[in-house]
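Subject: Handing over the structure

Hi there,

Here is the structure I promised to pass on to you. Have a look at it first, and then read my notes below.

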Amino acid sequence: SSACSHDVRKCVMDALPQLVQICKWEADANKGQEALFSVLMVADTWSQNDWRNIISRKVKADAPNEEMGGAVEMCTSLVYTHHLVETEKIQMVKKIASKLSLGGYLRVGKPGLVLVEGASEDDCDEMLRELAHCRKVFYSMTFKSHGKTTRRVSDVNSSRLLPHKLSQLEGDKNGMDILKEACEKLGLAEVLEDVVE
């Protein structure tokens with residue numbers, strides 16, 4: 001049907017900037033080296049895995065949920081690590097969040113904090129699993145979820161309280177103030193205070 005093909009075209013157009021950004025991150029991560037093959041591999045992986053996830057999320061978000069009157073459960077998670085300062089590690093966190101369509105804030109410095117928001121609790125949990133499996137980048141760094149909230153919304157995109165893409169905050173007072181304000185809106189203010197102490 002033409003409505004279906006229009007929705008798919010719109011989904012493709014909305015997803016292309018994500019693919020371009022992931023390719024740019026891969027190219028930046030390989031600066032000074034031959035990056036073409038690496039970028040093409042990232043694009044291929046995205047088309048084989050991430051694109052399918054984007055389409056399935058779109059179908060899930062558009063499909064009415066009989067029990068909840070069309071509601072979707074969004075998840076927000078506050079993730080902590082001892083420090084987050086190296087460019088390669090910061091880019092890897094952004095790449096994983098982008099792949100899972102998670103938005104939010106990444107605060108660099110000590111401690112390293114990541115506040116993510118996504119369409120499902122599975123996406124937030126998957127981010128932690130992927131971070132745990134990135135030993136080649138993170139070595140002995142550990143990422144722990146210190147708090148998670150869920151809420152029912154009728155539309156994921158219009159109900160986001162955090163940026164749609166992971167936005168980097170500096171490790172200064174201003175960065176922490178932005179993170180605190182976001183945590184207050186999402187019911188994670190006490191969790192953030194415990195983590196920072």
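One cut-off before the details: a residue counts as buried under 20% relative accessible area, as exposed over 50%, and as partly exposed in between. With a relative accessible area of 23%, Ser-101 is therefore partly exposed. Ser-101 sits in the loop between helix 3 and strand 2, and its phi is positive, about 60°, although Ser-101 is not a glycine. I flag this because most residues other than glycine have a negative phi. Please keep in mind throughout that this is a predicted model.

**The overall picture**

The protein has 197 residues, and 43% of them count as buried. Its secondary structure comes to 8 helices and 5 strands, which follow one another from the N terminus as α-α-β-α-β-β-α-α-β-α-β-α-α. If you take the contacts between residues at least 6 apart in sequence, 78% of them join residues at least 24 apart. The accessible surface is about 11,000 Å², and carbon and sulfur atoms account for 53% of that surface.

**The cores**

Which residues have the most contacts inside the largest nonpolar core? They are Val-93, Leu-106, Val-114 and Met-127, in a core of 21 residues. At least two residues of this core come from each of strand 1 (72-81), helix 3 (87-99), strand 3 (112-118) and helix 4 (121-132). Helix 3 gives the most, with 5 residues. Another core, of 14 residues, lies apart from this one, and Leu-78, Leu-162, Ala-182 and Val-195 are among its members.

Met-127 is a good place to start looking. Beyond its neighbours within four places in sequence, Met-127 is in contact with Val-93, Ile-96, Ala-97, Leu-100, Leu-102, Val-114 and Val-116.

**Two helices with a buried side**

Helix 4 has 12 residues and reaches 17 Å from its first C-alpha to its last, close to the 16 Å expected at 1.5 Å a residue. Its buried residues are Asp-123, Cys-124, Met-127, Leu-128, Glu-130 and Leu-131. They cover an arc of only 165° around the axis, which puts them on the same side of helix 4.

Helix 7 (residues 173-186) tells a similarly clear story. Its 14 residues should span 20 Å at 1.5 Å a residue, and the end C-alpha atoms are indeed 20 Å apart. Gly-175, Met-176, Leu-179, Ala-182, Cys-183 and Leu-186 are the buried residues of helix 7. Seen down the axis, these fall within an arc of 125°, so they line one face of the helix. The cover over these buried residues includes strand 1, strand 2, strand 3, strand 4 (144-153), strand 5 (166-169) and helix 8 (189-196). On the face turned away from the buried side you will find the exposed residues Lys-173, Asn-174, Glu-184 and Lys-185. Just after helix 7, Gly-187 takes a positive phi of about 80°.

**Buried polar residues to look at**

Strand 1 holds two threonines that I would like to show you, Thr-76 and Thr-81. Thr-76 is buried, with a relative accessible area of 0%. Leaving aside neighbours within four places in sequence, Thr-76 is in contact with residues including Leu-115, Val-116, Cys-124, Gly-147, Arg-151, Leu-162 and Leu-186. Thr-81 has a relative accessible area of 1%, so it is buried. What does the side chain of Thr-81 reach? It reaches the backbone oxygen of Thr-142, at 2.8 Å.

Ser-98, in helix 3, counts as buried at 7% relative accessibility. Outside its neighbours within four places in sequence, Ser-98 is in contact with Gln-18, Ile-22, Trp-25 and Lys-165. Ser-98 and Lys-165 are 67 residues apart in sequence, and their C-alpha atoms are 6.8 Å apart in space.

**A peptide bond to check in your setup**

Lys-110 and Pro-111 are joined by a cis peptide bond, with omega at about -5°. Pro-111 is found in the loop between strand 2 (103-107) and strand 3. I mention the bond because most peptide bonds are trans.

Happy browsing, and do write back with any questions.

Best wishes

Methods
Residues numbered from 1 in each chain as written. Predicted model: local features only at pLDDT ≥ 70, side-chain atom pairs only at ≥ 80, totals over all residues. Heavy atoms only, no water. Helix = DSSP H or I, 4+ residues; strand = E, 2+ residues; numbered from the N terminus. Buried < 20%, exposed > 50% of the residue type's maximum accessible area, 1.4 Å probe, protein only. Contact = heavy atoms within 4.5 Å. Areas by Shrake-Rupley, 256 points an atom, 1.4 Å probe, with all protein chains shown as cover. Core = buried A, V, L, I, M, F, W, Y, C linked by side-chain atoms within 4.5 Å. Expected span 1.5 Å × (residues − 1). Arc of directions from axis to C-beta. Polar contact = N/O pair within 3.5 Å; in protein donor to acceptor, adjacent residues only side chain to side chain.
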